[in-house]
Amino acid sequence: MSKTIEFDIEGMTCAACSARIEKVLNRMDGVEATVNLPLETARVSISDAYDDQAIIEKIRKIGYGATVKQAPHATKSNRRMLYRFIIAALLSLPLLASMLTHIPNSPFHLPFLMNPWLQFALATPVQFIIGAPFYSGAYKSLRSGSANMDVLVALGTSAAYFYSVAEMLFVSNMPHLYFETSAILITLVLLGKVLEDRAKQQTTGAIKSLLSLQAKEAVVLEDGQERTVSIDAIQTGMILLVKPGNKIPTDGVIRAGDAYLDESMLTGESAPVHKTVGESVIGGTLNTNGSLQVEATKIGQATVLSQIIRVVEQAQTEKAPIQRQADRISGVFVPIVVAIALLTLAAWWMFTGSFAEAIRPAIAVLVIACPCALGLATPTSIMVGTGKGAERGILFKGGAQLENLQHVDAVVFDKTGTLTVGRPIVVETFGTETALDFAAALERQSEHPLARAITAERDVVFDIERFHVESGHGITGQIMGHDLIVGSARMMQERGLTLPDWTSLGATLVYVAVDGKVVAGYAIRDALKDSAKETIRRLRQTKEVYLLTGDRREVAEHLAEELGLDPAFVFADVLPVEKADVIQSLQQTKRVAMVGDGINDAPALVTADVGIALGSGTDVALEAADVTLLGHDLKQVLLAIELSEQTMKNIRQNLVFALGYNTIGIPVAFLGLLAPWLAGAAMAFSSVSVVTNALRLKRTPLSEGGTSS
């Protein structure tokens, strides 16, 4: 047995930190860990051999803090970082002015700022008080056998600071001072962190929006009296009064009243949905009019909203395959950079004969090469992309699923409840009335959509003497001593029964056999969803589209004709257990997405490269598919694919920028063409720009059904 625990991690500063924690945890037997740098969380699957305290101790041993996450994340602003930056900026401004004094014909001529002891007094608190966390982080990182951004910052600024101290103490005439370099570097790194922190607040917007949906209080009806209680005090079975303008406190069933509910935040559908007695409601949705009495059926973590929050959190925590490649690069980046910096120092010292001349480009190499942007490039885009999907009722299970969806070549659709509205009706009957009544009475015991269509047509009751369901085929039973078989043509043929020559255009036939002879039948048809034709048309512009159904080929081909599909792309007469085999056959040459209802199609959804489950909130199994669509509109399939394409394009842009920045910046710094403080500014800018570009994805519009490729 294994369990998954989420931890809040303290002390991570760059991708090297998250990679180190992951590496150490994954070396433990029976442990699988994924660390998310922007969210500062770890998702750890552990066997029964460990408990959460063992993981916490392991993380602490390598220099980081860890606590079990108690509540959904919503990134908090780091005010301490902001205050540190403000103080550092105030102390560094005079040092910046001293740099400007060196510029020929500069209007800033402030000789007193050139005093070594004044510069020492300004730079020292920045170096050792404001910059203390960099030293602490560097020590912990080196002690654990790795090197992170703190190591680079501490090395670069310490080299500049201590060289300046030596010059100040031992060179009386025109000492070479770099106090401004160390102080401004620390200030700029902090500025980058502050701006990065501000930007990251926006990446968790979806979680914040979902958390804001949760009601804080509820009105309970007891013996006709109203009593206001906190949301935590609600128990299943309680009757809750929901007045117009109030949120539904928790999942439940309407026992009195009717109203239009705004479910847009959960399903992405803007139009309010009418709900009445006996219908299910979702906690967090808004009652726009009417007064309702709702019986609570699910509370706490069992509610749909809590499940959605968990799925979104999981998606934002788990890594996409492309991110693992970036992490591998980040893991070896810092040691390589230190080696390049030492080579730079040696080369410049050799060619100029001046250590003072050599130290500047070496510091610039150390600072410009910090892999912060590389570590943020992928997870920030994943967070924004999955959050944007959640706001449209599209839930991705993780970063891998978000990445995989863009690659699919073929999309396979189930029919009933997916392409059709899922409410089939009887359009024609055949045979004897008694046999039709027997079948209707027997079907009352079944939950199949076709059974509901039959019982809606004929509401009759007989004593059932025997009843048995044969999955994917039909049912058998006995009434008044008569043996009954109600089911598909295949079921009848397997029993050697002769089928009458009944037809009904585009309808599914359910046959009724009494005492070994087919004597009656129902013709049942399910209407296409309004968006089905348009969705299929748009999808076919870039993907192959298939229809997969258990219906007879004639029915399936009639539907395919309505949808504009070639009969060659139709799989009919397929049992639920056989659907996975069809998917596997397509996977021999294609990457396949399967779109189904998430229940009967579970094997096919699991087998497909990407399983997409259509649901409507309360009746959807959120953990069952790679992508869950909470609304009723099939165009969400198009939106999900488009969002995958947009997100991966955004990630590629971030990676190109992050790697390109280091690839260009290191040689420029090596050649001495980049002042250390400019290198610090560039490093800060690179991290901020990556997060800002990820946030741009949030504002990029999704078309109303159509892939971007």
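A charge sits over a ring if NZ of Lys or CZ of Arg is within 6 Å of the ring centre and within 35 degrees of the ring normal. The model is predicted: local features need pLDDT of at least 70, side-chain atom pairs count only at pLDDT 80 or more, and totals for chains, interfaces and linings use all residues. Residues are numbered from 1 along each chain as its sequence is written, and side-chain values use heavy atoms, with hydrogens and water left out.

**Exercise 1.** State which ring the charged end of Arg84 sits over.

Solution. The ring is that of Phe134, and the charged end of Arg84 is 6.0 Å from its centre.

**Exercise 2.** Classify the pair Phe430 and Trp502, then place it in the chain.

Solution. Step 1: rings of Phe, Tyr and Trp (its six-membered ring) pair if their centres lie within 6.5 Å; planes under 30 degrees apart count as stacked, over 60 as edge-to-face and the rest as tilted. The whole structure holds 16 aromatic pairs.
Step 2: the centres of Phe430 and Trp502 are 5.1 Å apart and the planes are at 10°, so this pair is stacked.
Step 3: Phe430 lies in strand E16 (residues 425-431) and Trp502 in the loop between helix H18 (489-494) and strand E20 (508-514), so the pair ties together parts 72 residues apart in sequence. Helices (H or I, at least four residues) and strands (E, at least two) are DSSP runs, numbered from the N terminus.

**Exercise 3.** Decide whether Phe430 is buried or exposed.

Solution. Buried means under 20% relative accessible area, exposed over 50%, partly exposed in between (1.4 Å probe, protein chains only). Phe430 has 12% relative accessibility, so Phe430 counts as buried.
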